[in-house]
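Colleague: Before I rely on the labels attached to this model, I should like to hear the grounds for them. May I put some questions to you?

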Amino acid sequence: MVGATVGVVAADLDPVGRVNTFIGTRDDGNTFPGASAPFGMAHSSPVGSHYAGYRYDDPAIRGFGHFFLSGAGCREQGGLVPVLPALGLPASFDHRAYASGYTHDGEVGEAGYYRVRLASGITAECTATTRTGVERFTFPPGSTPHVLVNVGQADDGEPVSASSVRVVDDRTLAGTVTAQAFCGGKPYTTWFTTTFDRPFRTTGNWGGAEGGEGLRGQWAVFDGDDPVTVATALSHVDAEGAAKNLAESRGKGFDELRAAVQDEWRRELGSVEVEGADPDDLVVFYTALYHVLLQPLTGNDVDGRYRGFDDRVHLADGWTYHEYFSLWDTYRAHNQLLALLRPDRARDVARSVLAVHEQGGWLPRWAYANQETNTMTGDPVTPFLVDLWRFGALEGREEQAYRALWRNATSVPPASSPFEGRAGNPSYLADGFVQHDPGFPKKGQDVDPHHGASATLEYALADHTLSIMAEALGHHEDAAVLRARGRNHRALWDPSVTDRGFRGFPRPKVAGGAWLSPFSARGPDGFHEGTAWQYQWLAQHDVDGLVGLLGGREAALARLDDFFAFPDLPADPARAVRDKWVVGPYDYYDQHRYNPNNEPDLHVPWMYALFGAPWKTSVVVRAAQTLFVAAPDGVTGNDDLGTMSAWYVLGALGLYPVAPGTGEFVLNTPRFARAVVHLADGRDLTVTAPGADPSRLQCTRALRVGDEPWDDVRLSWEVLTAGTTVAHELTDAPVEATRGR
């Protein structure tokens with residue numbers, strides 16, 4: 001089992017025992033420590049005072065909730081239907097008042113299982129199936145078991161605007177919770193059914209059977225002091241769906257359910273085998289992989305029904321509908337890793353995104369349950385879907401996807417649509433840039449003209465990415481138009497802007513084409529969650545053009561060196577990155593360095609390789625990996641539905657998908673002496689690096705792919721998925737490798 005602060009690896013090679021679910025539960029990593037099945041709809045995890053549910057240093061647990069997002073940044077993150085065991089009825093039914101203290105001593109968090117001892121002497125254990133969260137409460141001898149089922153409250157930042165609860169029979173409750181969607185979205189309803197493994201002696205209600213905002217719930221009292229097992233199933237369809245979903249756990253004991261879900265995790269985590277000498281290092285790797293495989297969440301009930309973006313009920317027949325797409329984050333690393341490890345899952349994800357378009361009329365950006373929240377900016381759905389096409393996940397649906405993407409790239413949803421789409425398209429299509437307009441009306445959390453410069457760069461990357469798909473499908477005229485638009489990032493390059501001795505940065509333009517003034521390369525104006533320093537590198541699809549703007553290869557490398565504080569890294573990388581890079585998880589501005597807490601510059605370490613200095617990529621990646629540790633603060637920034645964890649996994653394997661749509665992965669020195677990725681078709685991708693030592697800054701002296709020497713910094717999807725061996729010969733001397741661009 002894995003402890004809360006330091007990972008302890010089991011004697012065998014079981015990857016389940018290498019997962020420490022407390023990693024990321026402090027410093028706004030916003031992960032949750034409780035139990036989930038892979039890609040599970042329902043969970044069972046403690047709710048504390050933090051908006052993401054549980055923070056490691058919370059003093060009390062308010063209950064064990066049944067829906068969470070892993071690593072998201074906005075406040076509304078679930079914690080629905082929290083249940084708490086007690087020894088009697090509380091004086092107040094506000095869970096902030098009746099919350100129980102607990103101890104970290106003996107607290108366990110591993111894949112599919114959580115355990116904690118409450119101050120009352122009750123031991124709480126959690127496990128899950130795909131659609132149910134399950135708790136077992138063990139009470140002190142001689143006590144009278146009570147269980148509180150709270151439907152009127154959830155996570156601290158999750159407002160519940162309506163709820164209901166009813167007694168179905170002497171061991172079953174059912175009801176609804178209407179809560180607000182992520183990042184200020186609209187209220188949505190979740191149906192639940194909660195059942196106990198034995199009849200309750202008596203039950204009572206607080207707050208009424210149904211109503212609007214306010215305290216509401218049901219308590220149950222049981223005879224004897226035997227353990228009580230509680231299972232809660234969720235559905236976004238209806239009460240029937242929740243009742244049917246409960247079949248996943250009905251009639252099965254807690255230990256049987258725990259064994260089953262941990263077998264699922266064993267299969268999922270076993271898709272990658274790594275060998276390392278340091279136990280904590282293996283814990284960090286497998287926990288990151290675990291976080292990747294939590295989402296997107298299963299969206300359909302056991303009978304295949306799901307609630308679509310038209311608010312109608314649809315049927316997923318022979319496939320799994322998925323929900324909760326944080327595309328601005330996941331298009332950069334999570335999407336590609338999932339496609340590599342689980343191509344069948346990636347196909348269902350692609351089909352789910354197309355279903356959003358079919359039922360809602362437009363493609364999503366941040367899709368929460370069955371609504372678009374319009375959170376974040378740019379056009380992330382294009383690189384997301386084009387990569388899935390490139391990786392074979394859209395087979396048979398290529399033209400359908402292309403038509404949806406072309407419409408998204410060339411038009412704007414009408415005012416009547418809840419989708420914003422590319423709201424900056426009018427100026428972008430006419431003038432080649434998204435005009436910066438802080439007063440532009442918005443439909444949800446964000447809108448592109450509020451961040452005109454970064455939106456322009458995101459659109460240009462998306463357009464170039466889509467041009468690859470257009471060309472391959474025979475849409476040659478479209479491809480030419482899109483390729484030209486892919487160079488629109490150059491329209492914002494202002495050679496007159498200077499900072500830290502460097503000349504030329506992207507700069508916002510206002511309506512009519514004038515530069516935004518005044519302007520600072522480190523300021524907030526025009527860029528979403530970053531500055532011109534971070535966003536200047538978002539032109540990985542146009543490396544030659546970017547190098548030209550930066551003044552040539554040597555000037556480009558010098559600017560990267562300053563961006564990463566590279567001279568400080570080799571001597572003490574862990575200290576250097578914390579002193580020079582790390583800011584608060586929400587401190588996006590007044591920065592001129594690499595921000596490892598957020599997504600806009602995740603790909604930039606590999607720009608060294610594309611600029612002709614691959615050894616520096618390896619130094620930077622190794623340095624950045626020191627931010628991932630086997631402790632509650634072991635995730636950098638919000639994990640953003642597995643994105644930061646996917647970044648770590650890919651970097652540890654020694655390959656990263658820098659330019660969407662190309663199918664190319666840029667190489668770096670891997671973290672482990674040997675890693676084997678078991679591909680879905682029975683083939684293996686093996687990465688070797690004899691002598692790899694994560695405590696040292698090592699670089700690749702020579703490389704072989706299969707039986708051939710390899711002089712490129714890139715590997716194609718086709719080579720990787722055909723099954724091959726990527727063999728690194730390492731050196732401790734940070735010298736330039738012979739591999740070129």
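Colleague: What makes the disulfide of Cys74 and Cys183 right-handed?

Modeller: The torsion about the S-S bond of Cys74 and Cys183 is about 85 degrees, so the disulfide is classed as right-handed. Please note that this is a predicted model, in which local features need pLDDT of at least 70 and side-chain atom pairs pLDDT 80 or more, whereas totals for chains, interfaces and linings use all residues. Side-chain values rest on heavy atoms, without hydrogens or water, and residues are numbered from 1 along each chain as its sequence is written.

Colleague: How do you know that Cys74 and Cys183 form a disulfide?

Modeller: Their sulfur atoms are 1.7 Å apart, and the term requires a pair of cysteine sulfur atoms within 2.5 Å. The structure holds one disulfide.

Colleague: Which parts does the pair Cys74 and Cys183 tie together?

Modeller: Cys74 belongs to the loop between strand E4 (63-65) and strand E5 (83-86), and Cys183 to the loop between strand E12 (172-180) and strand E13 (187-196), so the parts joined are 109 residues apart in sequence. These elements are DSSP runs numbered from the N terminus, with at least four residues for helices (H or I) and at least two for strands (E).

Colleague: Why is Cys126 called buried?

Modeller: Cys126 has 0% relative accessibility and therefore counts as buried (under 20% relative accessible area; exposed is over 50%, partly exposed in between, with a 1.4 Å probe and protein chains only). Cys699, also at 0%, counts as buried, and both Cys74 and Cys183 are buried.

Colleague: What is unusual in the backbone of Arg500 and of Leu641, and how does their exposure compare?

Modeller: Arg500 is not a glycine, although its phi is positive, about 55 degrees; its loop runs between strand E26 (493-499) and E27. At 37% relative accessibility, Arg500 is partly exposed. Leu641, not a glycine either, has a positive phi of about 50 degrees and sits in the loop between helix H18 (614-625) and helix H19 (643-653). With a relative accessible area of 2%, Leu641 is buried.

Colleague: Which strands stand at the edges of the sheet E18-E30-E31-E35-E32-E33, and why?

Modeller: This open sheet of six strands has mixed pairing. Strand E18 (272-275) and strand E33 (708-709) each have a single partner strand, so one side of each lacks a neighbour in the sheet. Two strands pair if DSSP finds at least two bridges between them; E18 and strand E30 (residues 674-678) have four bridges, in the antiparallel sense. Glu273 stands opposite Val676 in E30.

Colleague: How many strands form the antiparallel sheet, and in what order?

Modeller: Ten strands form this open sheet, in the order E3-E6-E7-E8-E9-E17-E13-E12-E11-E15. Strand E3 (60-61) and strand E15 (210-212) are its edge strands, each pairing on one side only. Within the sheet, strand E11 (residues 160-169) and E12 pair in the antiparallel sense over eight bridges, and Arg166 has Ala174 in E12 as its bridge partner.

Colleague: How do you know that a cis peptide bond joins Gln295 and Pro296?

Modeller: Omega is about 5 degrees at that bond, and Pro296 is placed in the loop between helix H4 (279-292) and strand E19 (297-298). A cis peptide bond also joins Ser517 and Pro518, with omega about 0 degrees. Pro518 is in the loop between strand E27 (502-506) and helix H13 (532-535).
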